[in-house]
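Thanks for making the time this morning. I would like to walk you through one structure, beginning with its ligand and then moving on to some of the strands.

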Amino acid sequence: MGPLLPIHLDRRSRHPLQRQLYDELRAAILAGRLASGDRLPATRALAADLAVSRNTITGAFDQLLAEGYLEGRAGSGTYVAAALPDDLLRVAASSRRVEPGAPPRLSRRGVMLASTPVSPSRVGEGLRPFQTGVPALDVFPRDLWARIAARAARRAGPERMAYGDPAGFAPLRRAVAGYLRAARGVRCSWEQVVITAGSQQALDLAARVLLDPGDTAWVEDPGYMGARGAFTAAGVRCAPIAVDDDGLSLIDGVARHPEARMAYCTPSHQYPLGFTMPLARRMALLAWARDRGAWIVEDDYDSEFRYAGRPLAALQGLDAAGRVIYTGTFSKVLFPAVRLGYLVAPEGAVDAFVAARALADRHPPGLDQAIVAEFLESGHFARHVRRMRALYAERQGALVDAAGRHLRGLIEIAPAEAGMHLLGWLPRGADDREASRKAAETGVSAAALSQYAVRARPRPALLLGYAAYPARKIRDAVGKLSEALC
Ligand SMILES: Cc1ncc(COP(=O)(O)O)c(C=O)c1O
């Protein structure tokens with residue numbers, strides 16, 4: 001329970017009690033009297049304390065959730081948002097002068113969308129070690145990209161400048177299909193490939209096209225917040241399912257949520273724990289989907305980055321019943337701001353995906369698709385991935401090495417065969433969110449593993465992304481982290 005605040009509600013004021021409570025809480029957050037991570041009292045208790053109705057409390061909380069001052073954690077209450085970005089504070093400060101006026105009334109869906117997190121860090125924090133999920137932007141071949149972009153722009157005649165195909169630019173779909181067949185063992189024709197705005201859009205489409213509001217989907221726990229967010233936003237009930245050394249636990253899923261109509265998983269490299277799903281589990285999961293008529297969303301977000309061991313082909317390639325929606329992204333192999341990814345839909349579902357995509361945003365930007373298509377077709381993509389694989393192995397080595405020297409006794413880090421981040425295990429009983437907060441104070445971004453969990457209680461750990469940072473920065477950040485955790 002967070003600190004109990006003196007909250008003054010004036011029953012004679014012309015401002016409604018809900019508005020007064022909202023103002024008081026927001027002022028307390030802006031003044032720092034309520035700090036990031038503080039837990040707010042339960043609505044029932046606060047309503048009793050202040051002698052107001054519970055609706056008054058939930059109304060004020062909903063508004064603060066919608067505006068990003070508060071965040072809800074499933075089943076565990078309401079907290080002051082972990083990161084209050086500067087611009088939020090600026091907007092709040094300046095809007096105070098322009099006010100008053102009732103805050104805009106959002107729809108219930110709007111409130112829910114606004115309070116559903118897509119990632120643990122806020123956009124605008126800037127790139128700093130050990131933020132995860134970001135590739136080596138410092139060595140991206142920008143000149144080459146610029147040349148290809150200029151050529152693509154020159155070639156873009158009126159036809160390419162008009163509305164395009166909602167399924168994506170055909171040469172890019174062909175190139176993606178060729179790549180997936182050869183490199184990932186995906187079984188598909190190019191017509192099954194739909195180009196999306198990153199995997200996030202693919203997840204949103206999968207939930208909306210294949211499930212109804214109120215349907216249940218298994219999501220890995222701990223797991224990817226972006227998937228949970230997309231499903232929740234589509235009205236789908238996310239059932240957090242345990243992850244064991246073989247990935248998503250089918251036993252846990254069937255035992256606790258037999259009604260599920262979809263399973264979301266990252267079989268190549270479980271996010272964020274890093275397990276690879278072995279063949280037996282893959283076959284069992286496919287059999288479950290086939291027998292139940294359920295769907296599997298296979299998120300193959302970073303399978304290109306494997307440094308040792310044999311990569312397993314995609315789950316989709318083993319699916320004889322057409323139950324898998326395969327998703328991939330250019331965010332890791334190129335750069336996140338390119339906002340291009342793809343899904344491979346089962347044959348009978350392609351048209352529905354394309355129609356839903358057209359309704360959302362018509363189609364992906366044509367010029368960017370042409371650039372990526374050329375990057376793939378001309379072999380630059382394969383070369384870039386090979387270079388990055390070697391570089392990331394080096395950067396991972398730098399992190400393991402520096403941690404071995406400076407974090408001994410504080411954090412335990414073991415090398416991994418794949419991926420772009422490592423888990424830094426804290427001593428049992430440690431509070432990883434507290435450790436993450438302390439790291440942030442020294443300028444190091446290290447998300448707490450518990451932030452990715454819903455029901456699961458994983459051993460405390462920090463996620464340490466390494467791919468984006470040169471060895472020197474990694475060593476500096478390890479130094480800061482050791483100060484923060486001492
Ligand atoms: C598990 C997982 N899937 C997908 C993505 C990529 O999302 P997008 O393609 O929307 O950038 C990420 C990025 O961090 C991820 O961690």
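**The ligand shell and the strands**

If we sort the residues of the shell around the ligand by character, four are nonpolar, five are polar and three are charged. Please keep in mind throughout that this is a predicted model. The residues that surround the ligand are Gly198, Ser199, Gln200, Tyr224, Tyr264, Tyr271, Asp299, Tyr301, Thr329, Ser331, Lys332 and Arg339. Which helix gives the most to this shell? That is helix 9, residues 198–210, which supplies three residues.

Let me now turn to the polar atoms around the ligand. On the backbone side, a polar atom of serine 199 is 2.7 Å from an oxygen atom of the ligand. From the side chains, an N or O atom of threonine 329 is 2.6 Å from a ligand oxygen, and a polar atom in the side chain of arginine 339 lies 2.9 Å from an oxygen atom of the ligand. As for how much of the ligand is covered, the ligand taken alone exposes 400 Å², and the protein buries 90% of that area.

Threonine 329 brings us to strand 9, which covers residues 324–329. Is this strand enclosed or open to the outside? Six of its six residues are buried, and therefore strand 9 is largely enclosed by the rest of the structure. Looking at the two faces separately, Val324, Tyr326 and Gly328 are buried on one side, while Ile325, Thr327 and Thr329 are buried on the other, so to speak, with both faces covered.

What pairs with strand 9? Strand 8, residues 295–299, runs parallel to strand 9 and is joined to it by four bridges, with valine 297 standing opposite isoleucine 325. Strand 10, residues 341–344, also pairs with strand 9, here in the antiparallel sense and over four bridges, and within that pairing threonine 327 has leucine 343 as its bridge partner.

Finally, I would like to show you another sheet, an open one, in which four strands follow the order 11-12-14-13 with antiparallel pairing. Its edge strands are strand 11 (412–413) and strand 13 (447–448), each of which pairs on one side only. Strand 12, residues 421–425, and strand 14, residues 461–465, run antiparallel and are joined by five bridges, and the bridge partner of histidine 421 in strand 14 is glycine 465.

Note on methods
Residues are numbered from 1 along each chain as its sequence is written. This is a predicted model: local features need pLDDT of at least 70, side-chain atom pairs count only at pLDDT 80 or more; totals for chains, interfaces and linings use all residues. Side-chain values use heavy atoms; hydrogens and water are left out. A residue is near a molecule or strand if one of its heavy atoms lies within 4 Å of it. A polar contact is a pair of N or O atoms within 3.5 Å; within protein, one must be able to donate a hydrogen and the other to accept it, and residues adjacent in sequence count only if both atoms are side-chain atoms. Accessible areas come from the Shrake-Rupley method with a 1.4 Å probe; for residues, only the protein chains shown count as cover. Ala, Val, Leu, Ile, Met, Phe, Trp, Tyr, Cys and Pro count as nonpolar, Asp, Glu, Lys and Arg as charged, and the others, Gly among them, as polar. Buried means under 20% relative accessible area, exposed over 50%, partly exposed in between (1.4 Å probe, protein chains only). Two strands pair if DSSP finds at least two bridges between them.
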